[in-house]
Amino acid sequence: MLFFVRNCGFFMRELSVKIGGNGKNMRRKKILYGGDYNPEQWLKEPEILEKDIAYMKEARINTVSMGMFSWAMLEPEEGQYRMGWLEERIEQLYRNGIFTILSTPSGARPRWLAQAYPEVLRVREDRVRQIFGERHNHCYTSPMYREKVGRMNRELAKRFGKHPAVVMWHVSNEYGGECHCPLCQEAFREWLERKYGTVEALNDAWCTTFWSRRYSSFAQAESPSSIGEWELHGLTLDWKRFVTAQTADFARHEIAALKEEGITQPTTVNLMYDYQQLNYDELAKCVDVVSWDSYPVWHEGEDIVPALDQAMQHDYMRCLKHKPYLLMESCPSSLNWQRVSKLKRPGLLTASGLQAIAHGSDSVMYFQIRQSRGASEKFHGAVIDHYGGTDTRVFQEVKAIGEVLETLEEIKGAAVKADVAVIYDVENRWAMEDAQGPRNDGLFYHEAAMKSYTAFKRLGLNVDVISQAQEIEGYRMVAAPMLYLFRDGMEEKIRHFVAGGGCFVLTYWSGVVDETDRCFLGKTPHGLTDVFGLRRAEIDGLYDGEVNGLVLAKDAAKILGKDDLAEENGRDDLVREKGKGDLAEEKGTAFADRDFRVKGYECRNLCELLEVEDAQVLFTYASAFYQGSPAVTVKAFGKGKACYVAADAKQRFYDDFYAWLAGQEEVCPILEGEIPAEVEVSSRTAGEWEYVFVQNFSDREVDIRGLNFGDDIEILYGRGDLERLQAYGSVIMKRKMEGEIS
């Protein structure tokens, strides 16, 4: 892997100084530390409830979330509300310095509700209504379910809306799933009519002439089904959008009921890892604070791999509102629902918690505080296990983390400033994975995004992870892997970004269809062939195990070894002014001198064939009938660069290619020097200070002497010699940023 050494000043970052947009209580300085607590399971054992408080105080826990699955205890019979037990627990915790995030219990309805009003239960896509059981087995469209949820939320808000112990409202739990009942079908038809206006417009958007699927009225539309219509891609795409819209509308309904009773605290919903059923852009708009639940699979291989995967999810959640978020759930020990319940090695719990803080979280929260005695999560890890003592390995590490977080209070509210971004778009994924070609078994969209993200992180950069709906102006570099579907005027955003001086990396299978999954006619990537200087001719799907390669193109060493592109872009003065021309040349030469003509880079799965017009070819294919044809290109457009990667290359290519581009674009790393492969570097900023996190995600000690920490730093946490990081060790430091202070 290539690394670059830069002598660059730090610039001021805009920041958000508190978690929520409203809610005075959340301006408390402490980082929230605690987790899900279910005292209703222990009401018959008051000695355990007393012990829990003592244990929480010992572990430095300052916040719990309660009530999310308590409906049957809060309203055991219709209209009979019994909230005294909850109020008693909230107040007793508060007297002991522990605050409450209070949940609405809509995630799991009580049995009496389903029996009295069966319409609240969901209907599957095969049109079979489910029976009572499980979580989220309820229809978000049902007027009766909305009425009952609204009443419950208003009762909770009346009692706790102004309670000083309640710092936030946790709305439901992990919204998800879909319902295909008659109520949802009618709501879907109304949604379609609002969107398209006329049935002819719908027919045109969905290409319904194919296979004689044309609609003569909106009344004929219904959701996709395995026993009916499931290959009409415009329908399936719009159904997913409708499900998101209906879920977000239900969340707004819940929050409106709370606000009718005058709650003053901010609201949140807990989102899930890489969740593909909802567009979280829309759900994030409903609440004041984004939170999410993190449950990675550790120790199957090198732990830096899941660590970076979690890092990308942290950044995705942060970028939903571009301000600090909350880690609402994580596991203090082993999970009970993964394929193998693997224990976390000593130190990993601390490392993963601090990683959340590094990426912009203002909390570290666990599921769960006390382990349940029975049912489906009785073996899910907890702060207090069935043994019930504090002398366990897990409890002692939880306690140690709590002590550390108390020393990091100044970081709460600090912002994350990123010069680079990766576009990771769920609607694009919906369309692409339903498209029926060019590979129906393994498009690897998540993996493609991770390659760009990982390459940026290996350069020591903060990274924003954004959707097409967000703006890209202001970044130095943006990567858009597999941007199959263009929406929200994406082609114009890219054109404007590159023309204005940005560096944009687009990959294979991009700009193929519009927002209803209709193929663009004419040259592709749509609207951008002049920007990138090429067009897609064909795309080849490779069999599993089939391999091609990328080799250095003729004369590419000259392009990579000099700053020709900067000169063509009119940026040679900038390079000379900053004294960086030699750096770009050095980087490019190193990139070109690694005998790539022989070894090259491996690529798999998908290879596009390009017709290059006026782009410069950097790499060509090594084999197949398209051997020697262009595979990686770059073109100067306006003041910027447009780069195109036509094949699914392995990680090493992205590491080297992005290192070269970062050198060209003057993108400054957080720390100068060489980052070990097991280490992640991140930072947050507040006022004149930058907080730098260096973390080892491996079970062995790592030498970090290749990193230049500078002289004027203060160690907030970790060993102070800055030479080696112990297994799963972290060091957190602060340093003053250069430049004007705003």
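What share of the contacts in the chain with a separation of 6 or more comes from residues 24 or more positions apart? The answer is 76%, where a contact means heavy atoms within 4.5 Å. Before going on, some ground rules: this is a predicted model, in which local features need pLDDT of at least 70 and side-chain atom pairs count only at pLDDT 80 or more, while totals for chains, interfaces and linings use all residues. Residues are numbered from 1 along each chain as its sequence is written, and side-chain values use heavy atoms, with hydrogens and water left out.

## The whole chain

The secondary structure adds up to 21 helices and 27 strands; these are DSSP runs numbered from the N terminus, with helices being H or I over at least four residues and strands being E over at least two. The radius of gyration is 27 Å, close to the 27 Å that the globule rule gives for 742 residues, so the chain is as compact as a globular protein of that length. For the record, that radius is taken over C-alpha atoms, and the rule is 2.2 Å times the number of residues to the power 0.38. If you want a box, the C-alpha trace spans about 80 × 75 × 45 Å along its principal axes.

Buried residues make up 62% of the 742 in the chain. Buried here means under 20% relative accessible area, exposed means over 50%, and partly exposed is in between (1.4 Å probe, protein chains only). The chain exposes about 28200 Å², and carbon and sulfur atoms supply 48% of that; the areas come from the Shrake-Rupley method with a 1.4 Å probe.

On charges, there are 91 positive and 115 negative side chains, and the centres of the two sets lie 3 Å apart. Lys and Arg count as positive and Asp and Glu as negative, with His and the chain ends not counted. Each charge is placed at NZ of Lys, CZ of Arg, CG of Asp or CD of Glu.

## The cores

In soluble globular proteins, nonpolar side chains tend to be buried together. Here the largest nonpolar core has 204 residues, and W206, Y280, F504, F532, L550, F653 and F657 touch the most other members. Helix α8 (residues 233-260) gives the most to this core, with ten residues. There is also a second, separate core of 15 residues, which includes I670, V681, V694 and L722. A core in this sense is a set of buried Ala, Val, Leu, Ile, Met, Phe, Trp, Tyr and Cys residues joined through side-chain atoms within 4.5 Å.

Take F504 as a way in. Leaving aside neighbours within four places in sequence, its contacts include I423, I472, F497, V498, F532 and A642. A642 sits in strand β18 (residues 640-645) and is buried at 0% relative accessibility. With neighbours within four places again left aside, A642 is in contact with V498, F504, V531, F532, T633, V634 and K635. A642 and V498 are 144 residues apart in sequence but 6.6 Å apart in space, C-alpha to C-alpha.

Helix α8 is also home to F250, which is buried with a relative accessible area of 0%. Not counting residues up to four places away in sequence, F250 touches S106, Y140, Y145, R146, V149 and Y175.

R318, in helix α10 (residues 304-319), counts as buried too, at 4% relative accessibility. Among the residues in contact with R318, beyond four places in sequence, are H359, G360 and D464.

## Backbone oddities

Most residues other than glycine have a negative phi, and most peptide bonds are trans. Here are some spots to check against that.

| Site | Backbone value |
|---|---|
| F367 to Q368 | cis, omega near 20° |
| G437 to P438 | cis, omega near 0° |
| R60 | phi near 65° |
| E134 | phi near 65° |

Where do they sit? Q368 lies in the loop between β8 (363-366) and α12 (393-406), and P438 is in the loop between α13 (426-433) and α14 (445-458). R60 lies in the loop between α1 (46-58) and β2 (63-66) and is partly exposed at 30% relative accessibility. E134 belongs to the loop between α4 (111-116) and α5 (143-160) and counts as exposed, at 72%.
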